[in-house]
Amino acid sequence: MLRRGRRIVLSRQALSLFSVQLKKDLEFLARSNLMDYSLLIGMARAPTQLVEAQRPMAADVRYFYKDDGGIVGRVLEEQAAEKATDQGPYLYFMGIIDILQPWDVRKLSENAMKRLYQDARGISAIRPAEYATRFEAFLQQVVVAGI
């Protein structure tokens with residue numbers, strides 16, 4: 001899990017392409033009536049030759065294949081309001097994973113029961129379109145542009 005106060009910092013191009021693909025995936029999951037998923041983030045030190053080779057890609061290379069299947073980025077750790085540390089570069093590998101629960105009577109009942117005892121904003125059993133919107137909003141706070 002990404003620690004509180006940490007951000008993944010990508011180039012504007014990488015963030016734009018990642019956001020477009022994420023939106024398509026979330027729309028598909030919502031249309032398929034699925035919820036209860038997570039974003040798995042694999043992270044490794046980016047090899048020097050990969051970082052030094054950050055150049056515009058050839059027209060025949062798909063973006064998510066160009067850096068060994070990952071995205072080059074950095075970690076920004078906000079330790080206090082007045083200072084932050086920039087770490088990296090890293091190579092990120094990201095994908096949606098998990099149980100992919102269908103929104104059905106069981107999940108509707110779970111939602112109704114949990115609303116009686118806890119704040120509705122913290123319930124994971126919500127309609128797929130709402131789940132996708134909340135998931136995307138969270139990631140927009142964690143994955144940002146800046147390099």
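This note sets out points on the fold, the aromatic residues and one helix of a predicted model.

1. Overall make-up. The protein contains 4 helices and 5 strands. Followed along the sequence, these elements are arranged in the pattern β-α-β-α-β-β-α-α-β. The protein has 147 residues, of which 31% count as buried.

2. Aromatic pairs. A pair of aromatic rings is described by the distance of the centres and the angle of the planes. The structure holds 3 aromatic pairs. In one of them, the ring centres of tyrosine 37 and phenylalanine 135 are 5.1 Å apart and the planes stand at 70°, so this pair is edge-to-face. Tyrosine 37 belongs to strand 2 (residues 34-45), whereas phenylalanine 135 belongs to helix 4 (residues 128-142); the pair therefore ties together parts that are 98 residues apart in sequence. Both tyrosine 37 and phenylalanine 135 are buried.

3. A tilted pair. Tyrosine 90 and tyrosine 92 also form an aromatic pair, with 6.3 Å from centre to centre and 55° between the planes, and this pair is tilted. Tyrosine 90 is buried, as is tyrosine 92.

4. The aromatic cluster. Tyr37 and Phe135 recur here: together with Tyr131 they form one aromatic cluster.

5. Phenylalanine 93. This residue is part of strand 4 (residues 83-102). How exposed is phenylalanine 93? Its relative accessibility is 33%, and because buried means under 20% and exposed means over 50%, phenylalanine 93 counts as partly exposed. The C-alpha atom of phenylalanine 93 is separated by 4.8 Å from that of glycine 42, although the two residues are 51 residues apart along the chain.

6. Helix 3: span and cap. Helix 3 covers residues 105-117 and has 13 residues. From its first C-alpha to its last, helix 3 reaches 19 Å, which is close to the 18 Å expected at 1.5 Å a residue. The N-terminal end of helix 3 is capped by aspartate 104, which has a side-chain oxygen 3.2 Å from the backbone nitrogen of arginine 106.

7. Helix 3: tyrosine 117 and the surface patch. Tyrosine 117 lies in helix 3. Is tyrosine 117 buried or exposed? With a relative accessible area of 68%, tyrosine 117 is exposed, since the exposed class begins at values over 50%. Tyr117 joins Met113 and Leu116 in making a nonpolar surface patch of about 410 Å².

How values were computed:
Residues are numbered from 1 along each chain as its sequence is written. This is a predicted model: local features need pLDDT of at least 70, side-chain atom pairs count only at pLDDT 80 or more; totals for chains, interfaces and linings use all residues. Side-chain values use heavy atoms; hydrogens and water are left out. Helices (H or I, at least four residues) and strands (E, at least two) are DSSP runs, numbered from the N terminus. The expected span of a helix is 1.5 Å times one less than its number of residues. A polar contact is a pair of N or O atoms within 3.5 Å; within protein, one must be able to donate a hydrogen and the other to accept it, and residues adjacent in sequence count only if both atoms are side-chain atoms. Rings of Phe, Tyr and Trp (its six-membered ring) pair if their centres lie within 6.5 Å; planes under 30 degrees apart count as stacked, over 60 as edge-to-face and the rest as tilted. Buried means under 20% relative accessible area, exposed over 50%, partly exposed in between (1.4 Å probe, protein chains only). Patches are made of residues with over 30% relative accessible area and no salt bridge: like charges are joined within 9 Å, nonpolar side chains (Val, Leu, Ile, Met, Phe, Trp, Tyr) within 5 Å. Accessible areas come from the Shrake-Rupley method with a 1.4 Å probe; for residues, only the protein chains shown count as cover. A salt bridge is a side-chain nitrogen of Lys or Arg within 4 Å of a carboxyl oxygen of Asp or Glu.
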